[in-house]
Amino acid sequence: ESVTYIDDSAFSGCSNLVSIIISNSVTYIGNSAFRNCTNLVEITLSNGITSIGASAFDSCWKLANIIIPDSVTYIGREAFKDCHALKSITIPGNVTSIGICVFEACNNLTSITISSSVKRIDASAFFRCGSLVDIYYTGTKEQWAAIDTSIDWTGYVIHCTDGDITK
């Protein structure tokens, strides 16, 4: 029998965990599944995953590499909060919303690629991400302007397919 999900808090606080490869049979990563795995550096997620629960990787301070597969449609609140080593990330094409505090305090995050499928970005999605400057958006400036958000983008450069937006 294959594992189809990783339960809530399943590996929470496992400080000896350094690297993870999640099999193709897993479709859901539960809330706080890897929270406080402070030595976790790298995760390989399979293309079967559709949902990443709230706080799934919260406080994985050393997490530097994670590729969110195109199969993901949902990323829960605070999913990558306090991932201090994370430098860049791509939001795949099936995600429509970047929620509350998803990347809060990822203070080394310098760039993010956001798919044009995203229609809403919560005001606190990038709260306390002081190094974030470059946002790469796979749509046009007009599509970017239509995103539901109240973030003040002053200081950011939004790179769209038809040019840059700077404030």
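Two strands pair when DSSP finds at least two bridges between them, a strand being a DSSP run (E, at least two residues) numbered from the N terminus. The views show a predicted model, in which local features need pLDDT of at least 70, side-chain atom pairs count only at pLDDT 80 or more, and totals for chains, interfaces and linings use all residues. Residues are numbered from 1 along each chain as its sequence is written, and side-chain values use heavy atoms, with hydrogens and water left out.

**View A. An open sheet of five strands with mixed pairing.** Reading across the sheet, the order is S8-S10-S12-S13-S14. Strand S8 (88-91) and strand S14 (163-166) stand at the edges; each has a single partner strand, so one side of each lacks a neighbour in the sheet. On average, neighbouring strands here are turned by 15° against each other, direction ignored (axes are lines fitted to C-alpha atoms, and angles run from 0 to 180 degrees between N-to-C directions).

**View B. Following the pairing from S8 through to S13.** Start at the edge, where S8 runs parallel to strand S10 (residues 111-114) and four bridges join the two. Look for Ile 91, whose bridge partner in S10 is Ile 114. Moving on, S10 pairs with S12 over four bridges, again in the parallel sense, and Thr 113 stands opposite Tyr 136 in S12. Next comes the pairing of S12 with strand S13 (residues 157-160), parallel and over three bridges; here Ile 135 stands opposite Ile 158 in S13. Strand S12 (residues 134-137) also has two faces to find: Ile 135 and Tyr 137 on the covered one, Asp 134 and Tyr 136 on the uncovered one.

**View C. An open sheet of four strands with parallel pairing.** The order in this sheet is S1-S3-S5-S7, and its edge strands, S1 (5-6) and S7 (74-75), each pair on one side only. S3 and S5 run parallel and are joined by two bridges, with Ile 29 standing opposite Ile 52 in S5.

**View D. Tyr 28 and its surroundings in strand S3.** Tyr 28 is partly exposed, at a relative accessible area of 29% (buried is under 20%, exposed is over 50%, and partly exposed lies in between, using a 1.4 Å probe and protein chains only). Setting aside residues up to four places away in sequence, Tyr 28 touches Thr 4, Tyr 5, Ile 6, Asp 8, Ser 51 and Gly 53 (contact means heavy atoms within 4.5 Å). For a sense of scale, Gln 143 is 115 residues from Tyr 28 in sequence and 30 Å from Tyr 28 in space, C-alpha to C-alpha.

**View E. Asp 58 and Ser 59 in the loop between S5 and S6.** Asp 58 counts as buried, at 1% relative accessibility, and its side chain meets that of Arg 35 in a salt bridge of 3.2 Å, N to O (the term needs a side-chain nitrogen of Lys or Arg within 4 Å of a carboxyl oxygen of Asp or Glu). Arg 35 is partly exposed, with a relative accessible area of 31%. The pair links distant parts of the chain, 23 residues apart: Asp 58 sits in the loop between S5 and S6, and Arg 35 in the loop between strand S3 (28-29) and strand S4 (42-44). Ser 59, in the loop between strand S5 (51-52) and strand S6 (65-67), is also buried, at 10% relative accessible area. Beyond neighbours within four places in sequence, Ser 59 is in contact with Asn 36, Cys 37, Thr 38, Lys 81 and Asp 82.

**View F. Further salt bridges, from a count of four.** Side chains of opposite charge can pair when their charged atoms come close. One such meeting joins the side chains of Glu 104 and Arg 128, at 2.9 Å, N to O. Glu 104 lies in the loop between strand S9 (97-98) and S10, and Arg 128 in the loop between strand S11 (120-121) and S12, so this pair ties together parts that are 24 residues apart in sequence. Glu 104 is buried, with a relative accessible area of 8%, whereas Arg 128 is partly exposed at 47%. Elsewhere, Asp 122 forms a salt bridge with Arg 120, their closest N and O atoms being 3.3 Å apart. Asp 122 is buried at 12% relative accessible area, and Arg 120 is partly exposed at 34%. Bring Asp 148 into the frame too: Arg 120, Asp 122 and Asp 148 are linked in a network of salt bridges.
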